[in-house]
Amino acid sequence: MISRIFTTIFLLLIVSAPHKLQSYSILEQHTPLPGRIGNNSVYFTRFGKTYIFFYMTPEKDMLARQLIRDINEKTILSFGNASAPCPVIEILAWNEKYPDPIGEDKDGNNIYPDSEGHNLFSTYRSKVAEIVYSVLGTKMEGLSGHLNFNPNYDALKIHRDSFSDQYQYLSSLPPPVKTYYLFQDLTLMDWQMAKGTFAGTLVQDGSDGDRFIMAVFPGEIVGTVYTEPCVSKDKNSVIVYPGRISFPYHSSVAPTDFDGSTTVGSWKGKRISTSTRGVVQEEEIILAAKNATFLPINRPTITIEKDNLRLFEYPDTIKIQDISQKLANENNSLQHKLPDQENLTILESSPQDFSTTISYLKKNLGVRGSNVKIFHLIKRDGGFSRFSKLDLEIPENSTVVILNKSKLPENYKYYTISKIWTDQGLPWIQLFNFSPHQAMIVSGRVFRQLSMTPLEELFFRNAQIDEENAYDSVLTEKLVCELILFVIN
């Protein structure tokens, strides 16, 4: 099966009182982000039971760059049928065609029809395991691996991984079996990404939480590790493969425009990721985390307010408050067109046209101030449209209340607003789960740190529906997102 071979390639072509984070910066300005060459420290964060590590060494960077050269020079790509989650055409490496040995030589060693390709990926996998052990002190058992190429978003799905090889290995161990963690070294590589793009791995923080893109930029090799406890009844039971339950919901992110003010055009480039998998004993994971630097997630605390309306309060001072259904559905049409900025259509309204809404915000959200300006931001394209680049005269000491007036297709999620934490030394971009039945309250200063999310369908897709309908590949209508800003001081 393709899923059990290291050289699996998903190059998919159609035929994942809190600490105040707002001034948080873990790095000096000149220090590379975690997981990049030049930053020799090891970092980690937590998503549920999953530890995510970030690390890079000169040996790992050199190994990955050599793999890219070998792929370009020593492998041949061919077409083949895709494996789950999408029934489409993939491009596979030539050595994927015949992954099994065809015999043995006189010394009893396996003979492969494409020995050079087989040895290329087998050697890479073994060296990755050695580097992981030298850096994290974690010895990987039950090794397997995959190689994934992504030039675009065709057939990419939000999913959870299956580790059938690792569970098969664990089931072969005689009980009692120690507590093991599933372990995946996921290395993200630029493979001819266009200047001005980004790619990465999208990870969802809980079933309805925010999404985080573990970013990779042109020219970068990024080292990450995902690990969480495997499933077993008890230490005296044989561990049996439980199905696709491993790690948070996630997906590859293909190269796409980074800035909302510019576009790279139709060609964005290509990225590679290598996935070296195994199992590691629990005590080694705990020790690795103890010796690493913790990276805090901007994760909200949730309280229930009057009328069972929820309040989400983030460490960076952002608040998201549920609002009444009536207010969420209120429409006002008198608008004045302003010049486009950051690839956004910008309109301005008179406060008199929104007197009911303004009264509600002051009464129910505790907003104070008599001077009110109202702007509409409409986004129809890619790239992060940064609010810091908008010339809208929003004072830093003002309060900005944002209503989400986007109308997405049924079952899509509203990740309309983003925060690019790579500006502050963290290796991810946060997409806020912010629906039309909520209001976001921020200061004018924090507002300048936010952006509107690129309108790539994957960023807004429903993870549970993706997993339940793994074999469906559906084209949706063009997405359009709209926000209304109430600037009050």
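Two strands count as paired when DSSP finds at least two bridges between them. With that in hand, let's walk through this predicted model, starting with a sheet.

Eight strands form an open sheet in the order 9-14-11-12-26-25-28-23, and their pairing is antiparallel. Strand 9 (159-161) and strand 23 (385-386) sit at the edges with a single partner strand each, so one side of each has no neighbour in the sheet. Further in, you can look at how strand 25 (residues 417-420) meets strand 26 (residues 428-432): the two run antiparallel and are joined by four bridges. I417, for example, has F432 as its bridge partner in strand 26.

Two of these strands also take part in salt bridges, so to speak, through their side chains. From strand 9 comes D161, whose side chain meets that of R277 in a salt bridge, with 3.5 Å from N to O. R277 belongs to strand 15 (residues 270-281), and the pair links distant parts of the chain, 116 residues apart. Both R277 and D161 are buried.

From strand 25 comes K419, which forms a salt bridge with D316, the closest N and O atoms being 2.8 Å apart. D316 lies in the loop between strand 18 (310-313) and strand 19 (319-322), so this pair ties together parts that are 103 residues apart in sequence. How buried are the two partners? K419 has a relative accessible area of 1%, and D316 has one of 0%.

A further pair joins two loops. R36 forms a salt bridge with E220, where the closest N and O atoms are 3.2 Å apart. R36 is found in the loop between strand 1 (11-13) and strand 2 (43-47), while E220 is in the loop between strand 12 (211-216) and strand 13 (221-229), so the contact ties together parts 184 residues apart in sequence. R36 is buried, at 3% relative accessible area. E220 has 19% relative accessibility and also counts as buried, because the cut-off for that label is under 20%.

These pairs are among the 15 salt bridges found in a search of the whole structure. Elsewhere, E457, R461 and D466 are linked in a network of salt bridges.

Finally, turn to helix 4 (residues 282-290), whose buried residues are I285, A288 and A289. They cover an arc of only 95° around the axis, which puts them on the same side of helix 4. The spacing helps explain this: an α-helix has 3.6 residues a turn, so residues three or four places apart point the same way.

Terms used: Residues numbered from 1 in each chain as written. Predicted model: local features only at pLDDT ≥ 70, side-chain atom pairs only at ≥ 80, totals over all residues. Heavy atoms only, no water. Buried < 20%, exposed > 50% of the residue type's maximum accessible area, 1.4 Å probe, protein only. Arc of directions from axis to C-beta. Salt bridge = Lys/Arg side-chain N within 4 Å of Asp/Glu carboxyl O.
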